[in-house]
Amino acid sequence: MGADSTILDAPPPGAAADWTVPQAWAGYTAEEHAVWDHLFARQSAMLRGRVVPDFVAGLDMLRMSKPGIPDFEELSARLMAATGWRVVAVPGLVPDAIFFEHLANRRFVAGRFIRRADQIDYLQEPDVFHDVFGHVPLLAQPVFADYMQAYGEGGLRAMRHGAIDRLARLYWYTVEFGLIRTGEALSLYGAGIVSSFGESTFALDDPSPHRIGFDLKRVMRTRYRIDDYQQNYFVIDSFDDLLRQTLEADFAPLYADLAGAPDIDPGILLESDQIFSRGTQRHT
Ligand SMILES: [Fe+2]
């Protein structure tokens with residue numbers, strides 16, 4: 001799903017030095033393609049009117065010449081023409097340095113396996129549906145595409161400052177679980193939300209979570225949970241604003257500032273927060 005650390009410290013057998021593997025598209029079964037088609041249809045219907053319009057436009061990128069799971073070669077050729085990104089397959093979670101290096105070079109690493117039909121709504125590790133349906137549409141959006149590269153470059157810097165945990169929170173609360181203002185309303189854009197049937201309702205409509213205005217330092221101080229829906233979501237004004245804040249952040253002084261700042265638990269509000277909706281926190 002992101003900058004998670006991994007148990008392995010060398011590429012597994014069959015993987016290249018940069019941890020990539022062939023997608024082996026021809027090896028997918030009809031059943032696996034059917035799982036993709038089912039999830040694609042259900043989730044694109046669910047997201048109508050709930051997701052940022054850029055994502056809907058980007059979904060066209062995934063409508064391939066062959067049905068079923070997208071062939072990364074064809075997908076990458078399209079994405080390359082749009083924003084210069086490619087999608088490469090990896091065998092599972094990769095080390096932080098490898099992950100950041102790929103992003104900094106406009107390569108998005110994706111799992112190639114797909115969940116089984118009996119795991120439609122529950123999955124521990126990101127599969128090709130999460131990685132491709134969730135992430136690729138916004139990689140076709142030029143500003144978001146730049147943000148993802150900036151994140152990868154920021155990751156390589158954060159490693160030198162021993163600040164990976166801080167930076168991982170930025171990824172979590174934007175790329176995976178971000179909300180965005182669209183006029184007076186809020187919309188979804190985070191891949192962890194848009195690829196989840198349950199959370200794509202919860203994040204927008206449920207009274208439980210807090211919805212808080214995005215602030216870079218605040219986000220970097222906020223812990224997150226990986227075992228349930230989020231207790232707080234952060235709302236950006238626009239992709240332009242997110243990119244600008246990230247690029248303008250001078251990371252060395254930023255991390256020095258944060259060194260003395262305590263972490264914030266999920267579900268906690270601060271007086272300085274810009275609150276879009278104060279949650280009941282009933283769902284915990
Ligand atoms: Fe992800």
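**View 1. Arg42 over the ring of Phe197.** A charge sits over a ring if NZ of Lys or CZ of Arg is within 6 Å of the ring centre and within 35 degrees of the ring normal. In this predicted model, Arg42 is placed over the face of Phe197, 4.1 Å from the ring centre.

**View 2. Lys66 and Trp25.** Here's another charge over a ring: the charged end of Lys66 sits over Trp25, at 4.0 Å from the centre of its ring.

**View 3. The iron ion and its protein donors.** Which residues hold the protein donors of the iron ion? They are His130 (NE2), His135 (NE2) and Glu176 (OE), and they lie 2.0 to 2.1 Å from the ion. Along the chain, these donors follow the spacing H-x4-H-x40-E. His130 belongs to helix H5 (residues 128-139) and Glu176 to helix H7, so this pair ties together parts that are 46 residues apart in sequence. Buried or exposed? His130 is buried, with 3% relative accessible area, and Glu176 counts as buried too, at 1%.

**View 4. Tyr151 meets Tyr171.** The structure holds 20 aromatic pairs, and Tyr151 with Tyr171 is one of them. Their ring centres are 4.9 Å apart and their planes stand at 50°, so the pair is tilted. Tyr151 sits in helix H6 (residues 142-160) and Tyr171 in helix H7 (residues 164-176), so to speak linking distant parts of the chain, 20 residues apart. Both Tyr151 and Tyr171 are buried.

**View 5. A cluster of rings.** Which residues do ring pairs link into a cluster? Take a look at Trp36, Phe40, Phe55, Phe129 and Phe133.

Terms used. Residues numbered from 1 in each chain as written. Predicted model: local features only at pLDDT ≥ 70, side-chain atom pairs only at ≥ 80, totals over all residues. Heavy atoms only, no water. Phe/Tyr/Trp six-rings, centres within 6.5 Å; stacked < 30°, edge-to-face > 60°. Helix = DSSP H or I, 4+ residues; strand = E, 2+ residues; numbered from the N terminus. Buried < 20%, exposed > 50% of the residue type's maximum accessible area, 1.4 Å probe, protein only. Donors = N, O, S within 2.8 Å, 3.2 Å for Na, K, Ca; no water.
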